[in-house]
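Subject: The structure we talked about

Hi there,

Here is the structure I promised to pass on to you. Please open it next to this email, and I will walk you through what turned up.

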Amino acid sequence: MPEKFMEKERKALEKFLRREMPVIAGRMAQDHFQNNFRLGGFVNGRLHPWPKSKRLSSGGTGAAERKVLFKSIKYIPADYRVKISNDVVYAPIHNWGDTVHPAVTDTMRRWAWRQFYKSAGIRKNASKKTRASRLKEAAANPQAQMWKGLALTRKKKLSIRIPQRQFIGESEELNEKIEKKITEKIFNILTS
């Protein structure tokens, strides 16, 4: 009889470690890494805050990239393991930091001019008087000046430094949470 009891426990442990734990650990990891976005930094031993972006310091409000990176964190469970990933093309650049060198194209210059006019508050159908006054105001607007600089640059390639804003990686807190959950579940299996 004890052999049958031990076999039942062994099968339950096997099932838990092979099938259930990867899903539990994956969900915990996904939640932990998405919470890094809410906290504005990476949690490993303590919160390591991300450097402030120029977009925020120049008055910009768009956070589309953050939302895409946040929503794209996923986990893929397999037997005895789980893979946490983010398939967004620029995710590694944000996670580890890098210098990128995009080519300055005519399309990019036109887009920069559109952004300049938008930042300066100049509409397409504005009168000459309104346009002139808005252009004077744009001289004091750092975001508008940045777009104007990009539109007028003679460079063929830009060099843009993207600082590290890690959101996925090894985390002491996450490892402790997963270890605690595994211990708790194994204890429940062995004592039930």
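Below I go through the findings region by region.

Before you start, please keep in mind that this is a predicted model.

**The hairpin and Asn86**

Strand S3 (residues 73-78) pairs with S4 in the antiparallel sense, over 6 bridges. At the turn end, Ala78 stands opposite Arg81 in S4. The hairpin has 2 residues between its strands, and Tyr80 takes a positive phi near 65 degrees there.

Asn86 belongs to strand S4, which covers residues 81-86. Is Asn86 buried or exposed? With a relative accessible area of 12%, Asn86 is buried, because that value is under the 20% cut-off. So what does its polar side chain find as partners? A polar atom of the Asn86 side chain lies 2.9 Å from the backbone oxygen of Leu69. The side chain of Asn86 also reaches the backbone nitrogen of Val88, at 3.1 Å. If you set aside neighbours within four places in sequence, the contacts of Asn86 are Leu69, Ser72, Ile73, Ala91, Phe167 and Ile168.

**Two nonpolar cores**

Some of those contacts come back in the next region. The largest nonpolar core has 19 residues, and the members that touch the most others are Phe33, Phe37, Leu69, Ile73, Phe167, Leu174 and Ile178. Helix H1 (2-39) and helix H8 (172-191) each supply at least two residues of this core. The largest share, 8 residues, comes from H1. As general background, nonpolar side chains in soluble globular proteins tend to be buried together.

Phe37 is a good residue to click on here. Apart from neighbours within four places in sequence, Phe37 is in contact with Trp50, Arg66, Leu69, Phe70, Ile73 and Phe167. There is also a second, separate core of 11 residues, which includes Ala112, Ile122, Ala144 and Trp147.

**Helix H7**

Two residues named in that second core, Ala144 and Trp147, take us to helix H7 (residues 142-152). Which residues of H7 are buried? They are Ala144, Trp147, Leu150 and Ala151. These residues lie on the same side of H7, because they cover an arc of only 125 degrees around the axis. The face turned away from that buried side carries the exposed residues Pro142 and Leu152. Helix H5 (106-120) and helix H6 (128-138) are among the elements that cover the buried residues of H7. At the N-terminal end of H7, Asn141 acts as a cap, with a side-chain oxygen 3.0 Å from the backbone nitrogen of Gln143.

**Salt bridges**

The count comes to 7 salt bridges. In general, side chains of opposite charge can pair when their charged atoms come close. Three of the bridges are described here.

- Arg18 and Glu14: the closest N and O atoms are 3.9 Å apart. The two residues are 4 residues apart in helix H1, so about one helical turn separates them. Arg18 is partly exposed at 28% relative accessibility, and Glu14 is partly exposed at 32%.
- Arg18 and Asp79: the closest N and O atoms are 3.8 Å apart. This pair links distant parts of the chain, with Arg18 in helix H1 and Asp79 in the loop between S3 and S4, 61 residues apart. Asp79 is partly exposed, with a relative accessible area of 31%. Through shared partners, salt bridges join Glu14, Arg18, Arg19 and Asp79 into one network.
- Lys15 and Glu20: the closest N and O atoms are 3.7 Å apart. Lys15 is partly exposed at a relative accessible area of 49%, and Glu20 is partly exposed at 34%.

**Arg131**

One last residue to look at is Arg131, which lies in helix H6. Arg131 counts as partly exposed, at 28% relative accessibility. Which residues does Arg131 contact, leaving aside its neighbours within four places in sequence? They are Tyr117, Ile122, Arg123, Lys124 and Ala126. Arg131 and Lys157 are 26 residues apart in sequence, and their C-alpha atoms are 31 Å apart in space.

Happy browsing, and do write back with any questions.

Best wishes

Definitions and conventions
Residues numbered from 1 in each chain as written. Predicted model: local features only at pLDDT ≥ 70, side-chain atom pairs only at ≥ 80, totals over all residues. Heavy atoms only, no water. Buried < 20%, exposed > 50% of the residue type's maximum accessible area, 1.4 Å probe, protein only. Polar contact = N/O pair within 3.5 Å; in protein donor to acceptor, adjacent residues only side chain to side chain. Contact = heavy atoms within 4.5 Å. Pairing = 2+ DSSP bridges. Core = buried A, V, L, I, M, F, W, Y, C linked by side-chain atoms within 4.5 Å. Arc of directions from axis to C-beta. Salt bridge = Lys/Arg side-chain N within 4 Å of Asp/Glu carboxyl O.
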